[in-house]
Amino acid sequence: AILGTLAYPRLRRRVGLTRTGLVALILQLAPLLVCAASVFVPGNPGQQNRFENSCHVIENGTCANASMMNSSCVNVTSSPVTSSNPFTPSLLALLLGFVPSRFGLWMFDCTLTQIYQQTVVAEERGIVGGVQWVLNYNFDMIRFILTM
């Protein structure tokens, strides 16, 4: 976040205010595609078939997992639930997408603030800010209602 704030003035001087906003938006959204792709990367805890092939042999030689389709069972030494490495490829893809997107977010926020200050007349800034505040909190309330 701090790097985005520090990079903003340099980029604004080189390419201008509007292009800085466009670059910042691309720098925010492009890494989020990596986050979306992390859902399909192996190791995602949300994958349904993660435990289908695992079973434990119990004393009489039958499979302890009732959802196994085949009758052959392998003696599993370690459970797939616990792992010595908590950083799965899916989690790494999520983090490698999410963290850099904050850089673009902060640059975009600085750009919007600058455009707001340059284009809105000083007497109307309170009205525009109030409308923005109301819209933000209304969408926040909608988000809370949808998650109930």
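## A walk through a four-helix model

Phe-87 sits in the loop between α2 (17-37) and α3, and it makes a good starting point. The model is predicted, so local features need pLDDT of at least 70 and side-chain atom pairs count only at pLDDT 80 or more, while totals for chains, interfaces and linings use all residues. Residues are numbered from 1 along each chain as its sequence is written, and side-chain values use heavy atoms, with hydrogens and water left out.

At 45% relative accessibility, Phe-87 counts as partly exposed; buried means under 20% relative accessible area, exposed over 50%, and partly exposed in between (1.4 Å probe, protein chains only). Together with Leu-92, Leu-95, Leu-96, Phe-98 and Val-99, Phe-87 forms a nonpolar patch on the surface, with about 580 Å² of accessible area in total. Patches are built from residues with over 30% relative accessible area and no salt bridge, joining like charges within 9 Å and nonpolar side chains (Val, Leu, Ile, Met, Phe, Trp, Tyr) within 5 Å. The areas come from the Shrake-Rupley method with a 1.4 Å probe, and for residues only the protein chains shown count as cover.

Now step back to the whole chain. The protein has four helices and zero strands, where helices (H or I, at least four residues) and strands (E, at least two) are DSSP runs numbered from the N terminus. Of its 148 residues, 16% are buried. The protein exposes about 11,300 Å², and carbon and sulfur atoms supply 66% of that.

Helix α1 (residues 2-15) has 14 residues, which at 1.5 Å a residue should span 20 Å, and its end C-alpha atoms are indeed 20 Å apart; the expected span is 1.5 Å times one less than the number of residues. This helix bends by about 30 degrees at Tyr-8, with Pro-9 following within four residues. The bend is the angle between axes fitted to the seven residues ending there and the seven starting there. Just after α1, Gly-16 takes a positive phi of about 95 degrees.

Tyr-8 turns up again beside Thr-111, a residue of helix α3 (residues 89-119). Leaving aside neighbours within four places in sequence, Thr-111 is in contact (heavy atoms within 4.5 Å) with Tyr-8, Leu-17, Thr-20 and Gly-21. Thr-111 is buried, with a relative accessible area of 2%.

Finally, look at helix α4 (residues 125-146), where Arg-143 and Asp-140 lie three residues apart, about one turn of the helix. Their side chains meet in a salt bridge (2.4 Å, N to O), a term for a side-chain nitrogen of Lys or Arg within 4 Å of a carboxyl oxygen of Asp or Glu. A search of the whole structure finds one salt bridge.
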